[in-house]
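Reader: I would like to go through this model with you and ask how each label was earned. Could you show it first?

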Amino acid sequence: MKLELRGMSKRFGAVVANDDISLTVNPGEILGLLGENGAGKSTLMNLLYGLYQADSGDILLDDEVVSFKGPGDAMAAGIGMVHQHFMLIPVFSVAENVILGHEPTGAFGALDLDSARALVRDISERFGFNVDPDSLVEDLPVGVQQRVEIIKALARNAEVLVLDEPTAVLTPQETDELMDIMRQLASEGTSIVFITHKLREVKDVCDRIVVIRSGRVVESTSPETSLDQLASLMVGREVDLSVDKTPARPGEVVLSVSDLTVIDERNQKVLDGVSFEVRSGEILAIAGVQGNGQTELAQAVLGLLESAEGVIALAGVDITRDRVRQVLDKGVGFIPEDRKRDGLVAEFTIAENFMLNGYHQAPWAQGISIDLDARAKRSDELIASYDVRTPSAETLVKNLSGGNQQKVVVARELSRDLTILVAAQPTRGVDVGSIEFIHEQIIATRDRGIPVIIVSSELDEVYALADRIAVMYRGKIVDVVGPETPREQLGQLMAGVSQGAQESVS
């Protein structure tokens, strides 16, 4: 099916999200859609899927103008979409989610769950997803939930398939498998729109690449375009994707974790005997498919999760049972993986968010009162130093772009007197220009002698920043390797293919 968008525009109040965008996707073509966070890519696809209504412009399928009042109309016309943020019902099973909205029925109109299960098994086995149709979605790791979204789209025989950041939680091998699926679907005539910030993936799988900046199409180019050129098109200036990093100079052990075990509310071990050390002046990256304990490890170090067994020592002091405030006051900086939920208060100003961790001490407080003059001065300094694009420090954080929100978190944490930095997915949902800046700040932190733990599902980020890489699988560290390790080998470790869990990282 041929898809064409003509002159699509969409405004939200004074904000122009899409400004006269036109593009075409031919049958059997994979079109890459690139742009910064907030450039208008997802808005455009939501217009196509009927989630939003365009202010102007037309959607054409096989040269005929169509109109969608909602996703049901789009699906009926042969358009499928895998959203970046999951559209799943947590308390439903996989099979129930896959058939939601087009439920098969048997005798007397009863729901035919057996055929739904068979459908899920068929697609799962066909493409190697390994998903149990009877599992409740709320019990599945994030990575498996992503596969359920893909199965939903495949189950509806879409002729136009929109994939919005579908590889964010996949191993390299799983990503390669998805690329093979995309090529297979395209060879059978399916039109695919592939939205991703991973430039290498766009170059690997796409036939054409359209770049959107500030709600407008700025370029339609080929996958032969270099990574640096693509990045520059996205942000409107030259971008250096390489990370300038000198060899690490590890010093004394700053953080030591021994036999750490954490049990969740379902009585499952999310961390199982994890041991490692981090030294001053080095970056240890924790790699793995999301849902294998990396998040819980970062939270346990901060004191957000209580350990069942094991010891966490910071500069030789046992902090295993310390509360979060005590851990923060001992110099642990923490960049959470979900800035909106755990890193910021949306209704607070930038200045108020800057002082969240230190509101009770200088320079933010004087005695028991907030020092408003000192806060204003310090906030302006941080805005300038960390290149936060904002009219003033009194701007509400919710009104900033994703990249600038992340800079607020980074500025708050790195401006403190740190003993160690724990950064979980530090550039998730951040545009290329901001990624470059945040990486520079993390390297500078290491070079000041402060140890850094990076938790990242982005292999490019792991390779760019890490001095050592610890790979987690099912709550254990299965191996520790150097940044020279081939991607294929690292991907196998992330999938649990190893000689056994390593007892410690030294």
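Author: Gladly. Helices here are DSSP runs of H or I with at least four residues, numbered from the N terminus. Bear in mind that this is a predicted model.

Reader: What makes Arg325 and Asp329 about one helical turn apart?

Author: Both belong to helix H10 (residues 324–329), and because they are 4 residues apart there, about one helical turn separates them. Their side chains also meet in a salt bridge, at 3.4 Å from N to O.

Reader: Why is that contact between Arg325 and Asp329 called a salt bridge?

Author: The cut-off is 4 Å between a side-chain nitrogen of Lys or Arg and a carboxyl oxygen of Asp or Glu. At 3.4 Å, Arg325 and Asp329 are within that limit, so the name applies.

Reader: How do you know whether Arg325 and Asp329 are buried or exposed?

Author: Neither word fits, because buried means under 20% relative accessible area and exposed means over 50%. Arg325 has 28%, so it is partly exposed. Asp329, at 44%, is partly exposed too.

Reader: Which residues are joined into one network by salt bridges that share partners?

Author: That network consists of Lys245, Arg446, Asp447 and Asp467. Under the 4 Å rule, the count for the model comes to 30 salt bridges.

Reader: What makes the pair Arg200 and Asp460 a link between distant parts of the chain?

Author: Their side chains form a salt bridge of 2.9 Å, N to O. Arg200 lies in helix H7 (residues 199–205) and Asp460 in helix H16 (residues 459–465), with the two positions 260 residues apart in numbering. Arg200 has 42% relative accessibility, so it counts as partly exposed. Asp460, at 33%, is also partly exposed.

Reader: And what about Lys269 and Asp272: why is their contact a salt bridge?

Author: The N to O distance is 3.8 Å, which is within 4 Å, so the pair qualifies. Asp272 has a relative accessible area of 24%, and therefore counts as partly exposed.

Reader: Let us turn to the strands. Why are S2 and S5 called edge strands?

Author: The open sheet has 4 strands in the order S2-S1-S4-S5, with antiparallel pairing. Strand S2 (15–25) and strand S5 (64–66) each pair on one side only, and that makes them the edges. On average, neighbouring strands of this sheet are turned by 30 degrees against each other, direction ignored.

Reader: How do you know that S4 and S5 pair?

Author: Pairing takes at least two DSSP bridges. Strand S4 (residues 56–61) and S5 have 3 bridges, so they pair, and they run antiparallel. Leu60 stands opposite Val65 in S5.

Reader: What makes both faces of strand S6 count as covered?

Author: In S6 (residues 79–82), Ile79 and Met81 on one side and Gly80 and Val82 on the other are all buried. S6 is joined to strand S7 (residues 160–164) by 4 bridges, and these two run parallel. Val82 stands opposite Leu163 in S7.

Reader: Lastly, why are H14 and H15 called roughly parallel?

Author: Helix H14 (residues 402–414) and helix H15 (residues 432–447) pack at about 10 degrees, with axes 10 Å apart. Angles under 35 degrees count as roughly parallel, so H14 is roughly parallel to H15. The residues of their contact divide into 4 nonpolar, 5 polar and 1 charged.

Definitions and conventions:
Residues numbered from 1 in each chain as written. Predicted model: local features only at pLDDT ≥ 70, side-chain atom pairs only at ≥ 80, totals over all residues. Heavy atoms only, no water. Buried < 20%, exposed > 50% of the residue type's maximum accessible area, 1.4 Å probe, protein only. Axes fitted to C-alpha atoms, helices over the stretch in contact; angles between N-to-C directions. Parallel < 35°, antiparallel > 145°, perpendicular 65-115°, else oblique. Nonpolar A, V, L, I, M, F, W, Y, C, P; charged D, E, K, R; others polar.
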